[in-house]
Each structure stands twice: as structure tokens, then as C-alpha cells.
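How can the terms used for a protein structure be justified from its values? The exchange below takes up that matter for a reader who is meeting this structure for the first time.

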Amino acid sequence: MAELLHQPFSSFSFNGMKLESRRVGDVRKVTSFKPLQCVLNEKDNRRIAVVKNGKDSLDMCRVVNGMWQTSGGWGKIDRDKAVDAMLKYADAGLTAFDMAEIYGPAEDLYGIFINRIRRERPPDVLERVRGLTKWVPPPVKMTGSYVRQNIDISRKRMDVPSLDMLQFHWWDYSNTGYLDALKHLNDLKEEGKIKTVALTNFDTERLQIILENGIPVVSNQVQHSLVDMRPQQKMAELCQLTGVKLITYGTVMGGLLSEKFLDTNLSIPFAAPPLNTPSLQKYKRMVDAWGGWNLFQGLLRTLNKIASKHGVSIPTVAVKYILDQPAVAGSMIGVRLGLSEHINDANAVFSLVLDEEDMNSIQEVSKKGKDLLKVIGDCGDEYRRI
């Protein structure tokens, strides 16, 4: 059994999963465990994943429609056109939508969308739609009433009696109020107001602490791409041991991992598309930290060769590679609702099979970049650096 990469474990239970360990030198090795948690749906594990912890479970499309783009900075969103676009994605089988209470009108758009699904689509379509939202509270005292009040706001905006998934974010680890908040969220789950409790942007150490406290989280949403492979260095091993799954964002790097930026030179005016969205600007900084634009062009050329070989696009290859990584249940592609769409590229992910030659080619160029775990830190540390 692989060695745990962070804090050493003793013998304890992860919500019904007994894990035994013994010390070997200065490292504790896991000697036995019985995973009871997250498994992929055997009938259609290319398209559907089941995230599960104990009695809590949720099946979801493995390609997730990300709605950060509704929060401003990507172009004006027309409400009716945006909801029409959401219906189009759902009709194409892309039925999982990720949002947050801080993403502008995202939860409100979902509420309008889900009501149209109820009125205009057969019941089986409604059964497949999933709304994954996030709660990003300020670091105040996490009382039961405060947590309940905020979750009720999201339920009202999304017009659902129970949130399919509530993904929790916390800014300051020195304030252990995140454990109080998660325990209150678990209480609301027991009341039926939340179906599954999850995390976003937590690191490996805090995920371990949360599980040791008996809080049954099903997943952790983290940044993960061909440039940012940090989740595979620490987080994935703990996830494989415990059954917690990863949902990834930044997988196409705001569009940088696409033909649009192939053979471009950002240092020459007008020689490349403008970096005119928050996501393009954010992920260009990740490229700089990883190794720079010239190295990134080598990655794009490799991906383009593989994409041409399979008759797909660069983003499709980029998403498929991450979906094939250990512990990954789903990967997000941002949607600019009513402004552009990528339904065909997204659906092509499910039929694409990357062979050994493809994987080796990608790994060869990817490993030329810097180790972002050393440069930035573990998952989510980019949000907590001073």
C-alpha cells in the first residue's frame, strides 16, 4: 500500500471505513482498509460518476458545466438566452451545473432553468439534472443559525427543497471554525436540506482532519489541469485511500488549452488573442509559474497532434486526460451561456480513448514544467498565500 504523503495516520475510522496503519521508520504505512465510499457507475462510467460517502451519494455527469462565467467579466449575460442555453446543454446530456452563491446570478438562473425543466421536459430529464453549488462564507463564528440561514438562501434562489451538493470553502485555516460549519452542514443534510456535503479548495492536511472528525464529505473541488498536476502529488492518494473524489476546475485553463492559442506569441502586439477575461488572466499566471509561454506552446503542439489523430479538439484531449487521473470523478468546462457553446467538444470527451502513446507524449512535455506544489503549495494554497 502506498505511503501517505502528509500527516501520519493512526488507526481510526473514516465514516464506516476502518483504516489500520503501522509505522515504518519515520513514515506510517497503511496496512489495511476497506473502502466503502465513492465508485464510478459500472453501467456508464465514461459519462456518469457516483460520489459517495457512507449513506450519502450523488450520481452526476462527469463533464460539469461551470457557471463562474455568469458572475461578470466574460460578456453581458441575457437571462432568457442563458436559461435557453442551459436547457440545450441538459438536452445534450450535459446535466451537471456548478455554481456558487458568489457567482452573481448563477443560482437564480439555475432556479429559472430547473422550473422550465419541470414544466417542459419529461420526468427522466429532471431526474438527471444536478445543481452543485458552493458556499464561501466570511471567517465569522459558524453558528447553526448562521449556516442554516445561508443555505436556505441558496435553496430559495435555486428553487429546490434540497441542494444536490453543497461545496464548502474556507479562507483561513488558523480559524478552525470550518469544522463547526461542516458539522452544521451535516446536520442540515440529515434534515434533508442538502443531499451531499463536499469541499472546494481544501488542502490534503485539512481534508484529513475533516475526515478524522467524522464529517462525511464526498468530494473536493480543486484546480487541476495538464499544467497544474498538484492534486496528483498529495491529494489523490488520500482520496484513493478514503473514497473521497475530486471535481476539477481550470481543466482547459479558461480556454488557453485550445487551438485558439496554438502558435501564438503574447509578447508581440496583436499576435495572439487578447487575454480579456478573468479566467484567461488567472490561468496565464499559472502558465508563467509553470514554465512560461514557450513551454506552453510545446504542450499545445503535443495536444494538437493527439487531437488531430483522434478527430477531436485540444480542449477535449485536455479534459479527457484529467478525467483519466486517479480519484477524479468530474471535470469542469466553463460555459458562457448565450454567448458561445462547446457542447460537441464536451460530449466528445466520453468516447475519446487516449492510448499509451498519447499519455506518454503528454507526460513527457508536462513534466518539463516546474513542480507547482513547490512553487505554490498544495491544492487551494493559491487562495491563501500572503
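The questions and answers that follow concern a predicted model.

Q: What makes up the chain in terms of helices and strands?
A: The chain holds 13 helices and 14 strands. Of its 386 residues, 56% are buried. Among the contacts with a separation of 6 or more, 73% join residues 24 or more positions apart.

Q: Why is the aromatic pair of tryptophan 135 and tyrosine 146 called tilted?
A: The ring centres of tryptophan 135 and tyrosine 146 are 6.0 Å apart, and rings pair if their centres lie within 6.5 Å. The angle between the two planes is 45°. Planes under 30 degrees apart count as stacked and those over 60 as edge-to-face, so an angle of 45° leaves the term tilted. The pair links distant parts of the chain, with tryptophan 135 in strand S9 and tyrosine 146 in helix H4, eleven residues apart.

Q: Are tryptophan 135 and tyrosine 146 buried or exposed, and how do you know that?
A: Tryptophan 135 has a relative accessible area of 4%; buried means under 20%, so tryptophan 135 is buried. Tyrosine 146 has 23% relative accessibility. That value lies between the cut-offs of 20% and 50%, and tyrosine 146 therefore counts as partly exposed.

Q: What makes the pair of phenylalanine 261 and tryptophan 293 edge-to-face?
A: The planes of phenylalanine 261 and tryptophan 293 stand at 80°. An angle over 60 degrees counts as edge-to-face, so this pair receives that term. The centres are 6.2 Å apart, which satisfies the limit of 6.5 Å. Phenylalanine 261 lies in the loop between strand S13 and helix H8, while tryptophan 293 is in helix H9, 32 residues apart. Both residues are buried, with relative accessible areas of 1% for phenylalanine 261 and 10% for tryptophan 293.

Q: Why is the charge of arginine 206 said to lie over the ring of tyrosine 173?
A: Arginine 206 lies over the face of tyrosine 173, at 4.0 Å from the ring centre. The rule asks for a distance within 6 Å and a position within 35 degrees of the ring normal, so the distance of 4.0 Å meets the first requirement. Tyrosine 173 also belongs to a cluster linked by ring pairs, which includes Trp135, Tyr146 and Phe202.

Q: How do you know that aspartate 98 and lysine 134 form a salt bridge?
A: Their side chains meet at 2.4 Å, N to O. A salt bridge requires this separation to be within 4 Å, and the pair therefore qualifies. Aspartate 98 is in strand S8 and lysine 134 in strand S9, 36 residues apart. Aspartate 98 is buried, with a relative accessible area of 1%, and lysine 134 counts as buried at 4%.

Q: Why does the contact of arginine 118 with aspartate 159 count as a salt bridge?
A: The N to O distance is 3.8 Å; the limit is 4 Å, so the pair is a salt bridge. Arginine 118 belongs to helix H2, and aspartate 159 to the loop between H4 and strand S10. Arginine 118 is partly exposed at 35% relative accessibility, as is aspartate 159 at 36%.

Q: How many salt bridges does the whole structure contain?
A: A search finds 31 salt bridges. A network of them links Asp84, Asp91, Arg116, Arg119, Glu120 and Arg121.

Terms used:
Residues are numbered from 1 along each chain as its sequence is written. This is a predicted model: local features need pLDDT of at least 70, side-chain atom pairs count only at pLDDT 80 or more; totals for chains, interfaces and linings use all residues. Side-chain values use heavy atoms; hydrogens and water are left out. Helices (H or I, at least four residues) and strands (E, at least two) are DSSP runs, numbered from the N terminus. Buried means under 20% relative accessible area, exposed over 50%, partly exposed in between (1.4 Å probe, protein chains only). Contact means heavy atoms within 4.5 Å.
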